[in-house]
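Subject: Handing over the structure

Hi,

As promised, here is the structure we talked about passing on. Have a look at it first, and then read on for what turned up.

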Amino acid sequence: MSFEPQKLGTFSKKIIDLPDQPNMQPHELKEYFDSSPEELRQSHNGLCDALTAKTAATALGFSRTAGVPADTVQTAVENVQQQLNAAVMGNIPSGSVTGDKLAQDVRDRLTAIESAAAAETSTRAGADRSEAETRANADVNLQNQINTLSAAKCEAYIGTYMGDDQESQFVHLGFTPKAVLVFNNSGQTCTGYNYYYYTGGLAVTGHPVMGSQEKYAIEITENGFRVFYHYVNNRDYTITNSGLHHFIAFR
């Protein structure tokens, strides 16, 4: 039932419309005076009937909410009923249960849980950053140690040279060695019995190998080393610059 017909816009018979001296019979005047209250009574009773009718809810307006998108009381009730049925069946629409629908103590607990989770996330993020920085620093330190060891490591170069029996000969390496170990073709550094043939030895930076009469036999120089040939007598020779020799140069 619609409420529109129950509206009373104006009375059909107004006292103000009567002349100052109405030309009416007494019962007509009484009926005229009673007409407005009667119209009001009928409109009021019609409104009561409309409000108590089963279809009244379909005509009553409803202001939409986020949880109940309805325009009448009837559709709002039906929407809430559908949500209740869905909740009973375990099918609660996502986002339908908001914080406003929860008890205050439940909301307080959820807030505490959210705060604790946020704090834990922040702590974990800080720990992850700290661990990453620690690992990065460890990697840098390890690389520095590797670089230091690489710079300090010793490299060995093995080669041969043929002596030319001249007073000295320069053996070019392309780098200045820290030490050079020289052997003759038989792997010896000195030969003889009751005589001395200086055929090799270990020379290091600043400390050459000394041969006959304390003369140089092997000397480290820039970009290589120098070998010598000295003849004193049949029992005293320096012959690092004579014949085939093998060497190990340490860089």
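Let's start with glutamate 38, which is partly exposed at a relative accessible area of 31% (buried is under 20% relative accessible area, exposed is over 50%, and partly exposed is in between, using a 1.4 Å probe and protein chains only). Before going further, please note that this is a predicted model, in which local features need pLDDT of at least 70 and side-chain atom pairs count only at pLDDT 80 or more, while totals for chains, interfaces and linings use all residues. Residues are numbered from 1 along each chain as its sequence is written, and side-chain values use heavy atoms, with hydrogens and water left out.

Salt bridges

Back to glutamate 38: its side chain meets that of arginine 41 in a salt bridge, at 2.4 Å from N to O. A salt bridge here is a side-chain nitrogen of Lys or Arg within 4 Å of a carboxyl oxygen of Asp or Glu. Arginine 41 is also partly exposed, at 43%. The two residues are three apart in helix 1 (residues 26–52), so about one helical turn separates them. Helices (H or I, at least four residues) and strands (E, at least two) are DSSP runs, numbered from the N terminus.

How many salt bridges does the rule give? The count comes to four. Among them is the one between arginine 124 and glutamate 120, whose closest N and O atoms are 2.6 Å apart. Both of these residues sit in helix 3 (residues 104–152), four residues or about one turn apart. Arginine 124 is exposed, with a relative accessible area of 54%, whereas glutamate 120 is partly exposed at 40%.

Arginine 135 and glutamate 131 also form a salt bridge, at 2.6 Å from N to O. This pair belongs to helix 3 too, with four residues, about one turn, between one and the other. Here arginine 135 is exposed at 55% and glutamate 131 is partly exposed at 38%. As general background, side chains of opposite charge can pair when their charged atoms come close.

The sheet

Four strands make an open sheet in the order 1-11-3-6, with antiparallel pairing; two strands pair if DSSP finds at least two bridges between them. Strand 1 (156–164) and strand 6 (201–204) are at the edges with a single partner strand each, so each has one side without a neighbour in the sheet. From one strand to the next, the twist averages 25 degrees (axes are lines fitted to C-alpha atoms, for helices over the stretch in contact, and angles run from 0 to 180 degrees between N-to-C directions).

Inside the sheet, strand 3 (residues 179–184) and strand 11 (residues 242–250) run antiparallel and are joined by six bridges. If you want a spot to click on, asparagine 184 stands opposite histidine 245 in strand 11.

The core

What makes up the largest nonpolar core? It has 14 residues, of which Tyr161, Val180, Val182, Ile218, Phe225 and Phe247 touch the most other members. Such a core is a set of buried Ala, Val, Leu, Ile, Met, Phe, Trp, Tyr and Cys residues joined through side-chain atoms within 4.5 Å. Two or more residues come from each of strand 3, strand 8 (216–221), strand 9 (224–233) and strand 11. Strand 8 gives the most, with three residues.

Phenylalanine 225 is a good place to zoom in: leaving out residues up to four places away in sequence, its contacts include Tyr161, Phe170, Leu173, Val180, Ile218 and Phe247. Contact means heavy atoms within 4.5 Å.

Around the start of helix 1

Isoleucine 15 is in the segment before helix 1 and is exposed at 55% relative accessibility. Not counting residues up to four places away, isoleucine 15 touches Tyr32 and Phe33. Phenylalanine 33 is 18 residues from isoleucine 15 along the chain, and their C-alpha atoms are separated by 7.1 Å.

Serine 36 lies in helix 1 and is buried at 15%. With neighbours within four places set aside, serine 36 is in contact with Phe11 and Lys13.

Cysteines

The structure holds zero disulfides, a disulfide being a pair of cysteine sulfur atoms within 2.5 Å. Cysteine 48 is partly exposed at 32%, and cysteine 190 is partly exposed at 36%.

Shout if anything is unclear.

Cheers
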